[in-house]
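Me: Please take a close look at one part of this protein, the packing of helices on a sheet, and then place it in the context of the rest of the chain. A connected account, residue by residue where possible, would be most useful.

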Amino acid sequence: MEDHGRLAKQESPSAPDGMGRRRFLGYVLAASTLTVAAQLGEEVLAPARASAAIPSPPGPAEIYDLNDMLTHATLPTANLITIRIDTEGTASFALPRAEVGQGITTSSAMLIAEELDLPLEKIRVTLADARPELVFNQLTGGSNTTISTFTPIRVAAAVARGRLLEAAALELGETVGSLTAKAGVVTSTTTGRSLTYGELAQKAAGTATTRVSVTLKEPSEFTMIGTAQGRIDALEAVTGRKKFAMDLHVPGALPTMVCRPPTINGTVRSVENLDEVRTMPGITDVVRISTGVAVRGRTFGQCIDAVRALKVTWGPGTAHGASDDTIRDELRSAELPLPALDLLTKSVDARFTFHFAGNSALETNCAIADVREDSAEIWASLKSPITAQEQIALTLGLPASAVKVHVTEGGGSFGRKLFHDAAAEAAEISKAMGKPVKLMWHRTDDFRQGRTHPMATSRVRATYALGEVLTYDQRHTSVATDFGHGVGEIITSEAARLPVGDFTFSETIFALTQQTPYNFGVVTQLLSETDKGFNTGSMRNIYSPNVRCAQELVVDELAKRMGKDPYAFRRTFLKDERARAALDKVAEVGGWGRSMPAGTAQGIAIHPEYHAVVAVLAEIDCRPQTTGRKIRDAYAGPRVTKVVCAVDVGLAVNPRGLQAQMMGGIMDGIAITLSSSLHLEDGYFLEGSWDNYYYTRQWNTPPELEIVVMPPTTGKPGGAGELAVAGAMAAVACAYGRATGTMPTSFPVNHAEPLGFEPLPTTPPIPASPTDGLGRAY
């Protein structure tokens, strides 16, 4: 990380205001060794209402946002999250969330280590299997994991510590007050005698479930929380011992792949040569399924050969004939009208287009399934495993209790693994073949048939007069985002809390995630959706990157029209002091306003989300690039040369992990601003792999990158997983506009340029005569 310059800087902490010592209730559970759990009530995490702001009152997301809703939904089952102390002196915890690279196993271990006074290396964090009794407490999304588990995990650990001290007091014949616990050892301050947690694990165990009261540590007492820690899984990751779905050895599960249609959601009409392909070397099974034709073989290479050899006649898909142009026209036709313009005011009017983008996770879509006559077992990286279990059981005609779903670690997600399509497909194949399968999607499958961030437009109008912004109206129109991964029932259960009125499902998500951080008078932000023929998903940050990018570009234009410096303009109109402090920090560290050559510029932006805020300063070089080597024109354009990021998440549990999250979000933001998108043509995406999907390359990674973690401000963590994407996208877009002198309105900025690559081939227009199954080269 140090190769990027001064990356990690933690501001000196200051004690947050309003933090008082509180008592919490927990449970000691009946078990052979000490096992504990937390119990929480509604009062623990009631949202703090924003104070009235003038002239702009708080929007719905400032009063009660998506993260609040997700957190409240977890409370009734928080007591089902347990910690067990083993006789070896280790603490074991099955985290009911998905680890997909964001580092939550490490931060969760840190919470346990803090309250239990146990070294980090003695904490064992695994991922829990699907547990239907957890209801809404096993969904990973919305940057919610650390927020919703922060108190329950600590309460359970504190209960365990208290129980161990009580057991030691009985064993040593002393009072609890004369004992100290440190590094997994309880020691008498009077006699010096000591007992390890391992020695006390059975003595502290409960014979019956009892309720106890505990007091959590004050922030001033923290020795682990708030310190920079390396990941507990780092060694396994760098030595190749970390186990992902495709690394598991399930008896009888052989490599399996699917011959997929050339267009999005196309269908199989007929297969000409099934029997011939079944006789190919290593191939054990070939069957038709709902999504194509599945092949199972001894190796993935043999599966690829078989898939290429299949001769399939395909039916048209759900996006038949669609292209970038037709979808953009459809979106513009569906845009909600803006309010009438007052002739006495001036206005900034702009329309922005955001093209389809891929999740681009390192690990392709994959799963293992073993379906029997009366049971099924699934292994996959799943962020909504309960939904997966229920829906797969329904499809197989089995009770949910007969379907066991194991959550494996995932190699990236960015929203992709909220969907369980690989697991469902693997189950369907295993049932059809009557054998276990190890299903892997090819990279091209992910790009052309996987989940995408939907194409969208944003119409914005801001009016101003006499140095004030009077109104801000934004009408965001998007290809429909699929939320069928298990959030709808949460919204239903929390409906009484939602300050959004009678909105549709997607409008509710939009209202609970979008906010304007500025006092811009009367503010409205509305969503409309169209075209449900695509496999979309709530890719990292859902709507925020597009919405925030459009807003911050308009803010720059307002500042320009009103003769103000972009940084000073933002500072004047910001509602929140935390946002203002982060903005000041990046301006200071990044040297805002310094003299720069023509064709280069700085951009600055702010993004609040989920009780956290990020400010980003970016510098860009839009001059013709000469690098001394041949670079594809498609990504040899504007280069981000410097980024400074200041992040305030209230309380950073692991500042080093937070810095890593910000770094990844910044790279995502650069990508979707400058180079990364999917080109839709005749019902399919032209991109087929990373060699023609221009995610941020090493060449375009800023050589100067500094991430400043702001001092603790709230005493509890805010959301961080998605925070930097929108801020970075907006800052880079603003820098581009200032460097070129023209506000960019289509993203990524190079989307309309020549492709710069030769698309992998596909079949002729549909319907067609039998052709090769994939219609493209592997």
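Reply: In this predicted model, helix H8, residues 300-309, lies across four strands: S11 (254-259), S13, S14 (292-297) and S21. The direction of H8 makes about 25 degrees with that of S11. A further helix, H10 (residues 385-396), also packs on the sheet, where H10 touches S18, S19 (376-380) and S20. Relative to S20, the direction of H10 makes an angle of about 145 degrees.

The strands named so far belong to one open sheet of 7 strands, whose order is S13-S14-S11-S21-S18-S19-S20 and whose pairing is mixed. The edges are taken by S13 (283-289) and S20 (403-407); each has a single partner strand, so one side of each lacks a neighbour in the sheet. On average, and ignoring direction, neighbouring strands here are turned by 20 degrees against each other. In the strand order, S21 stands between S11 and S18. The pairing of S18 (residues 366-371) with S21 (residues 437-440) is antiparallel and runs over 4 bridges. Within this pairing, Ala-367 has Leu-439 of S21 as its bridge partner. S21 is thus a useful point of reference, since H8 lies across S21, while H10 touches S18, the strand paired with S21.

Following the chain beyond the edge strand S20, one reaches the loop that leads to helix H11 (421-433), and Phe-414 is placed in this loop. Phe-414 is not a glycine, yet its phi is positive, near 55 degrees. What is the accessibility of Phe-414? Its relative accessible area is 29%, and values between 20% and 50% count as partly exposed, so Phe-414 is partly exposed. Tyr-610 offers a contrast. Tyr-610 also has a positive phi, near 50 degrees, in a residue other than glycine, and it sits in the loop between strands S26 (600-609) and S27 (612-621). With a relative accessible area of 2%, however, Tyr-610 is buried.

A second helix-on-sheet arrangement can be set beside the one above. Strands S7, S8 and S9 make an open sheet of 3 strands in that order, with antiparallel pairing. S7 (179-182) and S9 (194-196) are the edge strands, and each has one partner strand, so that one side of each is left without a neighbour. The average turn between neighbouring strands of this sheet, direction ignored, is 20 degrees. S7 and S8 (residues 185-188) pair in the antiparallel sense over 4 bridges, and Ala-181 stands opposite Val-186 of S8. Helix H4 (residues 145-172) lies across S7, S8 and S9, at about 130 degrees to S7.

Strand pairing elsewhere can also be parallel. S5 (residues 91-95) and S6 pair in the parallel sense over 5 bridges, with Ser-92 opposite Arg-124 of S6. Side chains in a regular strand alternate between the two faces of the sheet. Strand S6 (residues 123-127) has one covered face, made of Ile-123, Val-125 and Leu-127, and one uncovered face, made of Arg-124 and Thr-126.

Helices also pack on each other. H15 (residues 544-561) and H16 (residues 566-573) have axes 9 Å apart and meet at an angle of about 105 degrees. Angles from 65 to 115 degrees count as roughly perpendicular, and H15 and H16 are therefore roughly perpendicular to each other. H15 contributes Glu-552, Val-555, Asp-556, Leu-558 and Ala-559 to the contact, and H16 contributes Pro-566, Phe-569 and Arg-570. These contact residues comprise 5 nonpolar and 3 charged ones, with no polar residue.

One backbone feature lies further along the chain. The peptide bond between Phe-747 and Pro-748 is cis, with omega about 0 degrees, and Pro-748 is found in the loop that separates strands S32 (746-747) and S33 (771-772).

These parts belong to a protein with 19 helices and 33 strands. Its C-alpha trace spans about 80 × 80 × 55 Å along the principal axes. The radius of gyration is 27 Å, in agreement with the value near 28 Å for a compact globule of 778 residues. Of these residues, 60% count as buried. Among contacts with a separation of 6 or more, 79% join residues 24 or more positions apart.

Notes: Residues are numbered from 1 along each chain as its sequence is written. This is a predicted model: local features need pLDDT of at least 70, side-chain atom pairs count only at pLDDT 80 or more; totals for chains, interfaces and linings use all residues. Side-chain values use heavy atoms; hydrogens and water are left out. Axes are lines fitted to C-alpha atoms, for helices over the stretch in contact, and angles run from 0 to 180 degrees between N-to-C directions. Helices (H or I, at least four residues) and strands (E, at least two) are DSSP runs, numbered from the N terminus. Angles under 35 degrees count as roughly parallel, over 145 as roughly antiparallel, 65 to 115 as roughly perpendicular and the rest as oblique. Contact means heavy atoms within 4.5 Å. Ala, Val, Leu, Ile, Met, Phe, Trp, Tyr, Cys and Pro count as nonpolar, Asp, Glu, Lys and Arg as charged, and the others, Gly among them, as polar. Two strands pair if DSSP finds at least two bridges between them. The radius of gyration is taken over C-alpha atoms; the globule rule is 2.2 Å times the number of residues to the power 0.38. Buried means under 20% relative accessible area, exposed over 50%, partly exposed in between (1.4 Å probe, protein chains only).
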